[in-house]
Amino acid sequence: MSASSMVKRAINGSLLACLLIAAPGHAQKTEPVWGYKVRPGDRLIDIAKSYQKNPDDWKKLQQSNTVPDPKLLQPGKQINIPVADLKQGDPFAAAVLVHGEVQRLDKSGQPVAKVVSGDVLKMGDTIQTGARSTLTVRFADDSRMLVTEKSKITLSSLVNYGKTGMADTKVQVHQGGTDSQVSPQKGPVARYEISTPALNLAVRGTGFRIQVDEGNGATRTEVVEGLVAGESQGSQAMIAAGFGILAEPGKALGQPTRLLNAPVLSETSNLVKKLPARFEWTQLAGALRYRVQMLAVVQGNDAIIVDEVSDNNKAQWDELPDGDYRLRVRGIDASGLEGANATKAFTVKTRPEPPELSLPKNEHRSVDEKVVFRWSVAPQAQDYRFQLAEDAEFKNLVAAVPRIAGSNRAVLFAVPAGQYYWRVASITSTGDVGPFSDAFTFTRSAAATQ
């Protein structure tokens, strides 16, 4: 074995030990302590009031930290506080965003209450998402978990240690999927762990996805960034960014496998002015199917509004409300592991709908110098915006009228000989301007000489 391989193995072993130190069979031998760095003006009694269950224990801190004067602390000095003495906050998490149907379940698995955005989730709660429904959970350390559709989870541990920022978060995923963005876990008892019927996962700040089969509990884990430590049946594996692993109940873990690269999305405009919205991507070697997701930003959080598996390398949506979206596409390999995301942010702006152009008709030819432009009534339009140009891209404008009263729906211009393009947009009563109509072209020929 080369020296570099030995070093790499040693580093991986150390990381695995750190990540699994809190897992069963890896109990710490010494009492854990949390370190507070002294700031100018701090007094020991103030530190005790802020962080300890019993403020009178500042005397214990003075003795254990060898502090000569509790009122004169040296800035930068570390005061070690036993974790057992730290204050704990309420054990809860926040349902920051609910999209669709999400339910709390009782111990028998029956729905007892709907979960709505802003609800407090308590330790021990079991939550279930319906079809085309998602839940975004924020934990005490600001880690976030997106629970995808048709999933069931239990919040096993939501312990947090007040102002220290440490949290002990454990989630059981019974079925379905989650997508976690874990804050860096700083402190001796800071943990973020997920357990499934087939696998236990421990992380210290990373991004990863899991999917649990409802039938047999088989678990697919895909790491987007950072490192994830997996344990099953006494076997362990380190899963690095860009790798995934398939775990089956009752079986030892195999080796992580490299995930598929992201597909390449075709170049399209970031502004969809006319539906349907169409997207394509390159066929990806090794991909049997594709996961296609569309996310909308709701109250500052991502909500998956479309989550589909496709055999094709294209997608189309005929109906989308105006708004900002993000498309995610990733390949799915033969084992069911999903690869890196190709992403595209885009905006749908199709309303208020533009009017239909009527005169002059498309590709009309005329020798008349004066041209009347007319269009039909458009829904939601109070006024209209008009443009006339010498080119189809409307870079060389001949005329632009920012607002024409809706009662008119017409405008008159005298134009020299040449080819022209014209289009109209709708303006609502609140001043919202919609996309322009498809352009019509016409040609004005010079009058024949006598």
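This passage walks through the aromatic pairs, a small sheet and one buried arginine in a predicted model.

Aromatic rings are a good place to start, since the structure holds 18 aromatic pairs. One of them brings together Tyr 36 and Tyr 51, whose ring centres sit 5.3 Å apart with 45° between the planes, making the pair tilted. Tyr 36 belongs to strand β1 (residues 33–37) and Tyr 51 to helix α2 (residues 44–51), so this pair ties together parts that are 15 residues apart in sequence. Both tyrosines fall under the 20% cut-off for burial: Tyr 36 is buried because its relative accessible area comes to 8%, and Tyr 51 counts as buried at 12%.

A second pair, Tyr 420 with Phe 442, has its ring centres 5.5 Å apart and its planes at 25°, so it is stacked. Here the link runs between two strands: Tyr 420 lies in β33 (residues 418–427) and Phe 442 in β35 (residues 440–444), so the pair ties together parts that are 22 residues apart in sequence. Tyr 420 is buried, with 2% relative accessibility, and Phe 442 is buried too, with a relative accessible area of 2%. Neither ring stands alone, as ring pairs link Tyr 420 and Phe 442 into a cluster with Phe 373, Trp 375, Tyr 384, Phe 386, Phe 413, Trp 422 and Phe 440.

Charge meets ring as well. Arg 423 lies over the face of Phe 394, at 3.8 Å from the ring centre. The charged end of Arg 423 also sits over the ring of Phe 436, 4.2 Å from its centre.

Trp 375, one of the cluster members, leads on to a sheet, for it stands in β29 opposite Leu 357. This open sheet has 3 strands in the order β27-β29-β32, paired antiparallel. Strands β27 (357–359) and β32 (410–414) are at the edges with a single partner each, so one side of each has no neighbour in the sheet. From one strand to the next, the twist averages 25°. Strand β27 is joined by 2 bridges to β29 (residues 370–375), and the two run antiparallel.

Elsewhere, Arg 104 lies in strand β4 (residues 102–105). Despite its charge label, this arginine is buried, at a relative accessible area of 16%. Its side chain makes a polar contact with the side chain of Asp 125, at 3.1 Å. Leaving aside neighbours within four places in sequence, the residues in contact with Arg 104 include Gln 110, Pro 111, Val 112, Asp 119, Leu 121 and Asp 125.

Methods
Residues are numbered from 1 along each chain as its sequence is written. This is a predicted model: local features need pLDDT of at least 70, side-chain atom pairs count only at pLDDT 80 or more; totals for chains, interfaces and linings use all residues. Side-chain values use heavy atoms; hydrogens and water are left out. Helices (H or I, at least four residues) and strands (E, at least two) are DSSP runs, numbered from the N terminus. Buried means under 20% relative accessible area, exposed over 50%, partly exposed in between (1.4 Å probe, protein chains only). A polar contact is a pair of N or O atoms within 3.5 Å; within protein, one must be able to donate a hydrogen and the other to accept it, and residues adjacent in sequence count only if both atoms are side-chain atoms. Contact means heavy atoms within 4.5 Å. Two strands pair if DSSP finds at least two bridges between them. Axes are lines fitted to C-alpha atoms, for helices over the stretch in contact, and angles run from 0 to 180 degrees between N-to-C directions. Rings of Phe, Tyr and Trp (its six-membered ring) pair if their centres lie within 6.5 Å; planes under 30 degrees apart count as stacked, over 60 as edge-to-face and the rest as tilted. A charge sits over a ring if NZ of Lys or CZ of Arg is within 6 Å of the ring centre and within 35 degrees of the ring normal.
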